[in-house]
Amino acid sequence: MIVCVCRRISDREIARHARAGMSFDDIQFELGVATQCGQCETCARDVVAQCNPAAPVAAVQHEGCGCGAGAWGCSSSLA
């Protein structure tokens with residue numbers, strides 16, 4: 001699913017970087033996510049929080065971010 005429409009960045013691309021140990025700030029610098037309109041920042045941060053090996057989270061509920069992902073886990077939807 002596309003998280004950042006402005007830069008056409010998917011949740012899988014964000015997750016891949018997060019699983020490599022990159023922080024949201026690192027991913028934002030590398031990919032440009034959430035640097036234009038900013039509407040995707042909450043959803044992008046949720047993906048990073050879910051997939052970052054340094055701080056695993058059981059599930060993230062995407063309420064109000066507009067991505068429509070619901071609750072998901074990296075091992076099933078982003079692997």
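For the helix crossings on this tour, an axis is a line fitted to C-alpha atoms, for helices over the stretch in contact, and angles run from 0 to 180 degrees between N-to-C directions. The structure on display is a predicted model.

**The whole chain**

Begin with the entire protein in a cartoon view. It contains four helices and four strands. Following the sequence from its start, one meets these elements in the order β-β-α-α-α-β-β-α. Colour the residues by burial next: of the 79 residues in the protein, 42% are buried. Contacts may be displayed as well. Among those with a separation of 6 or more, 42% join residues 24 or more positions apart.

**First stop: helices H1 and H2**

Select residues 11–19, which form helix H1, together with residues 24–31, which form helix H2. Their axes come within 10 Å and cross at roughly 130 degrees. H1 and H2 are therefore oblique to each other, since an angle over 145 would be needed for roughly antiparallel and 65 to 115 for roughly perpendicular. The crossing of H1 past H2 is right-handed. To see where the two helices touch, show the side chains of Glu13, Ile14, His17 and Ala18 in H1 and those of Ile27, Glu30 and Leu31 in H2. Sorted by class, this contact of H1 with H2 comprises four nonpolar, one polar and two charged residues.

**Second stop: His17**

Now select His17, which lies in helix H1. Is His17 buried or exposed? His17 counts as buried because its relative accessibility is 12%, and buried means under 20%. Which residues does His17 touch, not counting residues up to four places away in sequence? The partners to display are Met22, Ile27, Glu30 and Leu31. Of these, Ile27, Glu30 and Leu31 also belong to the H2 side of the contact with H1.

**Third stop: helices H2 and H3**

Keep H2 selected and add helix H3, residues 41–51. The axes of H2 and H3 come within 10 Å and cross at roughly 120 degrees. These two helices are therefore oblique to each other as well. H2 passes H3 in a right-handed crossing. On the H2 side, select Phe24, Asp25 and Ile27; on the H3 side, select Glu41, Ala44, Arg45 and Val48. By class, the contact of H2 with H3 has four nonpolar, no polar and three charged residues. Ile27 deserves a second look, as it takes part in the contact with H3 and also in the contact of H2 with H1.

**Fourth stop: Glu41 and Arg45**

Hide the other side chains and leave Glu41 and Arg45 visible. How many salt bridges does a search of the whole structure find? The search finds one. It joins the side chains of Glu41 and Arg45, with a distance of 2.9 Å from N to O. Why are these two residues separated by about one helical turn? They are four residues apart in helix H3. Glu41 is partly exposed, with a relative accessible area of 29%. Arg45 is also partly exposed, at 38% relative accessibility.

**Last stop: Asp46**

Finally, select Asp46, which is placed in helix H3. With a relative accessibility of 18%, Asp46 counts as buried. Add Phe24 and draw a line between the two C-alpha atoms: they are separated by 9.5 Å. Along the chain, Asp46 and Phe24 are 22 residues apart.

Note on methods:
Residues numbered from 1 in each chain as written. Predicted model: local features only at pLDDT ≥ 70, side-chain atom pairs only at ≥ 80, totals over all residues. Heavy atoms only, no water. Salt bridge = Lys/Arg side-chain N within 4 Å of Asp/Glu carboxyl O. Buried < 20%, exposed > 50% of the residue type's maximum accessible area, 1.4 Å probe, protein only. Parallel < 35°, antiparallel > 145°, perpendicular 65-115°, else oblique. Left-handed = near helix turned anticlockwise from the far one by under 90°. Contact = heavy atoms within 4.5 Å. Nonpolar A, V, L, I, M, F, W, Y, C, P; charged D, E, K, R; others polar.
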